[in-house]
Structures are given as C-alpha cells and as structure tokens.
Amino acid sequence: RQKIDVMQIYFGHGKSNRSILIMFFKYLSKIIEKVISKLSGRTQSSTIIFSIGRILDKQLNIWRIKQSRIKGLLIICDRYPQYSISRVNDGPFLKEYTNLESSANFIINRIAKWEQKVYLQAEALKPDLVIKLNVDPKIAYMRKNGETDMQTLINKNELLKNIEFKMAKDVIVLENNNDNLINVQNKAISLIWSTIIKSNIK
C-alpha cells in the first residue's frame, strides 16, 4: 500500500475555524463595533479590522500549502478563496474598495489591495481539483437545524453555481440531494483518488 501524508487546511472564517488569528480579530472587531457604534453609529471599522484577520489567516494558510507541496504532501482544503463574488463561499470582504484612491479612503484602499493580492496568490497555486458541493437548500436547512433561514441558503446555492474556479485544473460539481453524508463523502474520496492516480500517471 502507498502511504500519503495529508495536510488539511480550513479557509473559512466561521465557527469551525479555531485559528488564533481569526478568533482574536473577530473578538477585537466586536469590541470596536460596540465602541464606534455608540460614538458615531458607524460599523465599517469593525469590518476592516476583521478583514485584516482574514487576510493574515489566508496568508498563513497559503504559506502552509506552499511548504506542504515542497514536502510532497496531499493538501485537502475545506473551502478555497475565490475573488469573483464578495462575502460568500470565502469571497473577498473589501473588493469594492480596491478602486478608491482618494486620501479619505487611502487606508481601506491599501487593505483592499492587500486582500486582492492574497487572493491572487491563492489562485496562482492552481489546485488540481475543486469539488463544488451542490446541496439542496431544503437539505442544508435541515442539517443546520434552522440556524440559517431558507432564503439565505437558496441565495448562496445560486451564487455557488456562478463561481467557476477557473484557476483549478479540474472542477467537478457533486450533487447532494437525497444522499446521506457518508455517500457524499465516499464520492468525494473517489474523486480525490482519481485525481491522484491521474497525476501519478502523468
């Protein structure tokens, strides 16, 4: 049997991410949001602060991927940075600020361009395989125990269909309508092994 060492990377910024960077900046952004909202009613600064945490976390993950590739590890990512659609499926937070050149927006413009640069670095890694899991919103709603409203899940599902991941060598849509999680997991594993075998043949 062939043994393959695996590196797991989580690119999201939700509850599943226990990264110290994400947790620290999330906590810091909430404190800043409370303070600023009381003083001026604005909450933009908290978004910028949290974005800095996301950018740093992504840079760290990209560095880990590069180092793991050098060592010949198989890298499996939960989510992958995409710059086409903002604020969903690990999209950018500050994309709309990249073209603001006025002195009043200088700082946020610099941070937005830094974010853009990190996303381009992720695209340059060119993953061998991206699996797009197309989950029926009704099933997603049941799995999340109603934590996310149905309309939000429907909107996310439609947006995911429009994300192409052109930087990937192969993109496969995995439909998940009535299959249980184990069957979906087995299909994903089969796709990964097929990609590994193809790469070894080449």
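**View 1. Buried residues of helix 5 in the predicted model.** Leu153, Asn157 and Leu160 are the buried positions shown in helix 5. Looking down the helix axis, the buried residues fall within an arc of 65°, so they line one face of helix 5. The elements that cover these buried residues include strand 3 (130–135) and helix 4 (137–143).

**View 2. Extent and start of helix 5, residues 150–162.** Helix 5 is made up of 13 residues. From its first C-alpha to its last it reaches 19 Å, close to the 18 Å expected at 1.5 Å a residue. At the start of the helix, Asp149 places a side-chain oxygen within 3.3 Å of the backbone nitrogen of Gln151.

**View 3. Ser84 in its loop.** Ser84 sits in the loop between strand 2 (74–78) and helix 3 (106–124). Its relative accessible area is 47%; the residue is therefore partly exposed, the range for that class lying between 20% and 50%. The side chain of Ser84 makes a polar contact of 2.9 Å with the side chain of Gln82.

**View 4. Ser84 and residues farther along the sequence.** With neighbours within four places in sequence left aside, Ser84 is in contact with Lys95 and Ile163. Ser84 and Asn162 are separated by 78 residues in sequence, and their C-alpha atoms lie 9.0 Å apart in space. Asn162 is the residue at which helix 5 (residues 150–162) ends.

Methods:
Residues are numbered from 1 along each chain as its sequence is written. This is a predicted model: local features need pLDDT of at least 70, side-chain atom pairs count only at pLDDT 80 or more; totals for chains, interfaces and linings use all residues. Side-chain values use heavy atoms; hydrogens and water are left out. Helices (H or I, at least four residues) and strands (E, at least two) are DSSP runs, numbered from the N terminus. The expected span of a helix is 1.5 Å times one less than its number of residues. Buried means under 20% relative accessible area, exposed over 50%, partly exposed in between (1.4 Å probe, protein chains only). The arc is that of the directions from the helix axis to the C-beta atoms. Contact means heavy atoms within 4.5 Å. A polar contact is a pair of N or O atoms within 3.5 Å; within protein, one must be able to donate a hydrogen and the other to accept it, and residues adjacent in sequence count only if both atoms are side-chain atoms.
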